[in-house]
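Reader: I am new to this structure and would like a close look at one part of it, the buried interior and the aromatic rings. Please set it in the context of the whole before going into detail.

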Amino acid sequence: MSIPVIGASRSRVDGPDKVTGAAKYTCDRELPGMLHAVVVPSTIAYGRVVSIDDSEARSAQGVVLVMTHRNAPVVDENKVGAQDAKLFLLQSDAVEFDRQPVAVVVARTFEQAVYGADLVRVAYETRAPQMDLDAAEVVEPQQMLGVDLRLRYSQKEKPALDGAHTKIAQLYRTPTEHHNPMETHGTVAAWDGDTLTVYDSTQWAFGVRTRLAGVFKIDPSKIRVIAPFVGGAFGSKGTAWSHVPLAAMAARVTGKPVKLLVTRPQMFGWVGHRPQTEQHFSAGASADGTLVAMLHDARNETSLSDDFVEPCTVFSRDLYAVPHYTMHQELRRLSISKPTYQRAPGESTGGFAVESAMDELAYALAIDPLELRLRNYSEVNPNNGKEYTSKKLRECYAQAAERFGWSKRTATPRSMQRNGMLVGWGMATASRGTHRGDSSARITMQTDGSVVLAVGTIEQGTGSPTVYPQLAAAVLGISADLVRFEWGDTNLPTAPLAAGSQTAASVGSATVLAAQALRDRLASLGGKIPAEGITIDINAKVDESEEERYAQQAFGAHFAEVEVDPDLLHVRVTRFVGAYDVGRVLNAKTAGSQLVGSVVWGISMALYEKTRFDLRTGRIMNATLADYLVPTNADIPNPDVIAVEDDDERVNPAGVRGMGEVAMCGCAAAVANAVYHATGVRVRELPITVEALL
Ligand code: MOS
């Protein structure tokens, strides 16, 4: 089944609404009589609340309610789904991390609530937080994204490694990073009797509904979650964090709709973060560069109440042809909030270790880094021997290397200079598993030939209202302008979590199947549309046994150029070329934005981002965008990204293998490898700082 006319550049249909302010984000919602809530976060990382003096706050102008553990309604904080976090809903005096909610102040205006929150005096009994990975409690996870972590854990790889002609064994570190989408988290909650309507900034309206049903012990059918526009999320909005039920609790107590916005410094509190990792990675090769063994042993921080595995080892498990491979992962409990998925979880952090190590191995063997990867190219998934639905990684290497000019590189570190600057060229492989979830879709053709496509997914900048109509139109052989998209509401057909680069595979496949069924129905009616129109409801469930037939994965190749000031050791990325193998491209313009976005974040991971903790107190020291470094336009060299043509007909009906995150996997290693080539200094801990290059 081939879909014609796919991939055309189409500008965002919601672009004008977004730039004029007509597109309503959660923070823009105004309901009659609505009150404003602000969370009071803890100022200790571990201990308990001894007393709260809220007298001043309660008498402040406009303040309606100060909700603390002494007067909050009793609700259920426990997890519903496996990926849920324990919530912190003012049910006890315990404090488990910096910036945990300890009170909520509700007032007539946002400013009054902020001022009231400032007047709440909390006294704590402080205990010593656990901030040391080495000393922390060890957790051995059994599973990671459904994969048995101990599946291939054995000792037989060690002799193979020890006997290798050339080997490297190093420790790579990646830091805690906090998501900071332009729109912070926010919720508006309104009760009508025992039914609840919630506007939320979320990646999954249906997940929010399930979670709220669990907290309030009401049937999900009593809850409606509305979430059309989301101003960025990147994994942090994959689950309903504590402020969502807190808004609904405040609304229930006050009997008024309540808007609760998470402030920028609170983004470093209870709403998730990428956990720091420490990865011991070893690889051995024969003299010609053929890999003989790999060991990947990773650990990451998690919180006192939750297990979160950052699946670093997926990257090494699923990429190179290597006869002896072992992985192991464990968690360490710190006095921090629960980590969560952040853009390319696992493969971005794992990719830094593996692709840095491959570069180190290339130097040790005196083989070109690209050539070393080609010598270990795997035609099948090396973990399970399965054929891929499609794999065009060779084409990625070739196209990006050609455009970058890789053949002109001189191998020796510090051998390339320009205008008094050290120049470095580095490369790395990108790799990321393809995911897909069950999705429904409803498609209606009206008598005038116009079409309405409805799915309860969200739009977080990826282009949902632009791309899915394109896909439906391509199947129907009509103009995309004739297809209107309805989305962002649990009253619409169910969609899966919009994360893990799975939305186009999931919602896109439901769209294709619905449009095909509509096309067939129309044909069976001889092309005549009845007065009531034609409506098709599709529930596109993932067929597990079909999924098992082939390996599904996206790939790519990154090439980075850096300039390093030889005196100041300041690093700038001056050029970046990447080619990515993502299956079908549904819209060249929005796809290009996705790929560039990931590259920007990969550069940011390499050079800038790190959440800094005071290890004595467990408090975060850089919880503002003035202190937490992210790149500006001047730091980014206008990445040149190529989506390699690939009409993958086996992966799923939409033909896509996920493109949101793959360009971030291995990206930081390409920069680190370029920095090594420029300076001769190998930095194995992110971000790469001037101090590390001294
Ligand atoms: Mo994905 S972790 O939601 O960017």
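Author: The protein exposes about 25500 Å², and carbon and sulfur atoms supply 51% of that area. The model is a predicted one. Buried residues make up 62% of the 694 residues. For a chain of 694 residues, a compact globule would have a radius of gyration near 26 Å, and the protein agrees with this because its own value is 26 Å. The C-alpha trace spans about 75 × 75 × 50 Å along the principal axes. In secondary structure, the protein has 16 helices and 28 strands. Among contacts with a separation of 6 or more, 81% are between residues 24 or more positions apart.

Now the interior. The largest nonpolar core has 88 residues, of which M294, F559, V562, I603, L607 and V671 touch the most other members. Helix α15, residues 667-679, gives the most to this core, with nine residues. Apart from this core lies another, of 53 residues, which includes F88, L196, V244 and V262.

M294, one of the residues named for the largest core, shows what such a position is in contact with. Setting aside neighbours within four places in sequence, M294 is in contact with F281, S282, A283, S316, Y320, V322, H324, Y325, T326 and M358.

A second position to examine is V258, in strand β14. V258 counts as buried because its relative accessibility is 0%, and the cut-off for buried is under 20%. Beyond its neighbours within four places in sequence, V258 is in contact with M34, L35, A37, V106, T187, V188, A189, A247, A250 and A251. The C-alpha atoms of V258 and E30 are separated by 9.6 Å, although the two residues are 228 residues apart along the chain.

The aromatic rings come next. The structure holds 16 aromatic pairs. One of them joins F268 and Y628 edge-to-face, at 5.5 Å centre to centre and with 65 degrees between the planes. This pair links distant parts of the chain: F268 is in the loop between β14 (258-261) and β15 (277-285), Y628 is in the loop between β27 (619-620) and β28 (640-643), and they are 360 residues apart. Both F268 and Y628 are buried.

Y363 and Y676 form another edge-to-face pair, with 4.8 Å centre to centre and 75 degrees between the planes. Y363 lies in helix α8 (residues 347-365) and Y676 in helix α15, so the pair ties together parts that are 313 residues apart in sequence. Helix α15 is also the element that gives the most to the largest core. The two rings of this pair fall into separate exposure classes: Y363 is partly exposed, with a relative accessible area of 23%, whereas Y676 counts as buried at 16% relative accessibility. The dividing value is 20% relative accessible area.

Ring pairs also link Y25, F229, Y468, F485 and W487 into a cluster.

Finally, some rings have a charged residue over the face. K391 lies over the face of F555, at 4.6 Å from the ring centre. R575 lies over the face of F404, at 4.2 Å from the ring centre.

Technical notes:
Residues numbered from 1 in each chain as written. Predicted model: local features only at pLDDT ≥ 70, side-chain atom pairs only at ≥ 80, totals over all residues. Heavy atoms only, no water. Core = buried A, V, L, I, M, F, W, Y, C linked by side-chain atoms within 4.5 Å. Buried < 20%, exposed > 50% of the residue type's maximum accessible area, 1.4 Å probe, protein only. Helix = DSSP H or I, 4+ residues; strand = E, 2+ residues; numbered from the N terminus. Contact = heavy atoms within 4.5 Å. Phe/Tyr/Trp six-rings, centres within 6.5 Å; stacked < 30°, edge-to-face > 60°. Lys NZ or Arg CZ within 6 Å of the ring centre and 35° of its normal. Rg over C-alpha atoms; globule rule 2.2 N^0.38 Å. Areas by Shrake-Rupley, 256 points an atom, 1.4 Å probe, with all protein chains shown as cover.
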